[in-house]
Amino acid sequence: MEQHDIKGNSGWSEIDEWGPEKVLQVYDPDTGMKGVLVIDNTSTGPGKGGIRFAESVTPAEVFKLARTMTWKCASAGLPFGGAKGGIIANPSKVNQVEWMKSFAKMISPYCPSQYIAATDVGTTELDMAVFAHEIGDMRACTGKPQELGGIPHELGTTGYGVSVALRTTLDFLRDIKHEGSKASRPFFDLTTSLDKKSDDIKVVIQGFGNVGSFATKFLNDLHIKVIGVSDVSGFVFDENGLDIPQLMSDMKEKARLSDLLDNHQQQQHRYDLLDKDEIFNVATDIFIPAALTGVINDNTAPKLLKNNVNIIVEAANIPTTPSADQYLVNNGILIIPDFLANAGGVIGSFVEYQGRTEKEAFDLIEYKITNNVKRALYNSLSSTDQADNTSEFSIRKVAMETAKQIVYRAMLLRKGAISVAREAYARKQQVIY
């Protein structure tokens, strides 16, 4: 096991004032397991983050995801820091149980005091059961089966949070229009473009796994029209709105959208499957990336602009590249960043960590995401320069500043720098949970 500590000369190029505190690369010659653990920042509590199990896992990717968790936990006001684990393999091509046991054993000195795991791409509640038993402590991870006191992510906590983030954003835009609040041109244009009934607003969702499918379900419950969903196998689209309950029923026991074509004679509805990349070529009001990192980039961002997308809600982690983000914001597209929009999973994890109930998890997700998204939007609106009618339209930048202040204060207090921390509190009195 190779450990890089921020205090030493690790050669880790990503080090900055926030972290990472530790980067561990582990290898088990008996199983062939290769893994990575990045503990980014623990000033607000033990690092929280899922274990990603995929061939594409790299230390750099795990670090970026760990850093996102630092901001996500801070923004949500949770007593967790940021961390992330990764196992480098296709889980279907190895002995997943043995590899998870091996990974848990090799990082066990840090669990749960410095790292608390959860599910992520390629891992499930059963993997968390294996992980917790190997560590010997049920507090070592969240997302465990209900039989072990868990609140599994399979209940849709992340997808529910995404729906709350979108609903809050739409309510905010309606409020500033109806109240006649002064708004800069980008906000004013959005209130005009989206001044219609919820069931007339069109949404497409890229990714139909745990997060995307539940986001689809909960948006349908809000009577918001989902016109298209995609996964790696294709894109299902109906400009008049998909029949979501029927789609969810037809997808039972199916792994991919393309499986809908295998036995359509047993289904009440026949689906036309388009190429997955066609999702970027349909006109829609709202685009929700709920799949992989970097899917909104210099190639796809202009397509979203061309097709009149007004809002992007980041259900996936780091789905937008920095250059694409700047391009879209400059062109008046509102982006609700991942560390605000998809925090439902980690908020649910916190409730599980406290030993509370599933209902309390969903109640807290609604409360925190509503408040946090609303705070970021109002802070952005209040930064409007009335002289030239411009505002800080990057919600990511505004929310990131809030998260950094929270982590910064915690770092100062950990060091005992009380007088300096007091000044930080005074300067940022508007920062609330």
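This is a short tour of a pocket, a few cysteines and one helix in a predicted model.

**Stop one: the pocket.** Start by selecting Lys64, Thr68, Ile318, Pro322 and Met400, the residues that lie nearest the centre of the second largest pocket. Its volume is about 580 Å³, and 25 residues line it. Now colour α1 (59–75), α9 (322–330), α10 (338–341) and α13 (395–415), since each of these elements gives two or more residues to the lining. Helix α1 has the largest share, with seven residues. What sort of residues, by class, make up the lining of this pocket? You'll find 11 charged, nine nonpolar and five polar residues there.

**Stop two: the cysteines.** Show the cysteine sulfurs next. Don't go hunting for disulfides, as a search of the whole structure finds zero. Take cysteine 111: the closest cysteine sulfur belongs to cysteine 141 and is 8.8 Å away, so the two are too far apart for a bond. A disulfide would need the two sulfur atoms within 2.5 Å. Cysteine 111 is buried, with a relative accessible area of 9%. Hop over to cysteine 73, which also counts as buried because its relative accessibility is 0%.

**Stop three: helix α5.** Select residues 185–193 and pick out Phe187, Leu190 and Thr191, which are buried. Why do they sit on the same side of α5? They cover an arc of only 100 degrees around the axis, so they share one side of the helix. In general, an α-helix has 3.6 residues a turn, so residues three or four places apart point the same way. To see what covers the buried residues of α5, turn on its surroundings, including α4 (157–178), β13 (311–313), β14 (334–336) and α12 (358–382).

Terms used: Residues are numbered from 1 along each chain as its sequence is written. This is a predicted model: local features need pLDDT of at least 70, side-chain atom pairs count only at pLDDT 80 or more; totals for chains, interfaces and linings use all residues. Side-chain values use heavy atoms; hydrogens and water are left out. On a 1 Å grid over the protein atoms alone, a cavity is a set of points where a 1.4 Å probe fits but cannot get out, and a pocket is an open set with protein on both sides within 12 Å along at least five of seven lines; lining residues have an atom within 4 Å of a point. Grid points are joined across faces, edges and corners, and a volume is the space filled by probe spheres set on the points. Helices (H or I, at least four residues) and strands (E, at least two) are DSSP runs, numbered from the N terminus. Ala, Val, Leu, Ile, Met, Phe, Trp, Tyr, Cys and Pro count as nonpolar, Asp, Glu, Lys and Arg as charged, and the others, Gly among them, as polar. Buried means under 20% relative accessible area, exposed over 50%, partly exposed in between (1.4 Å probe, protein chains only). The arc is that of the directions from the helix axis to the C-beta atoms. Contact means heavy atoms within 4.5 Å.
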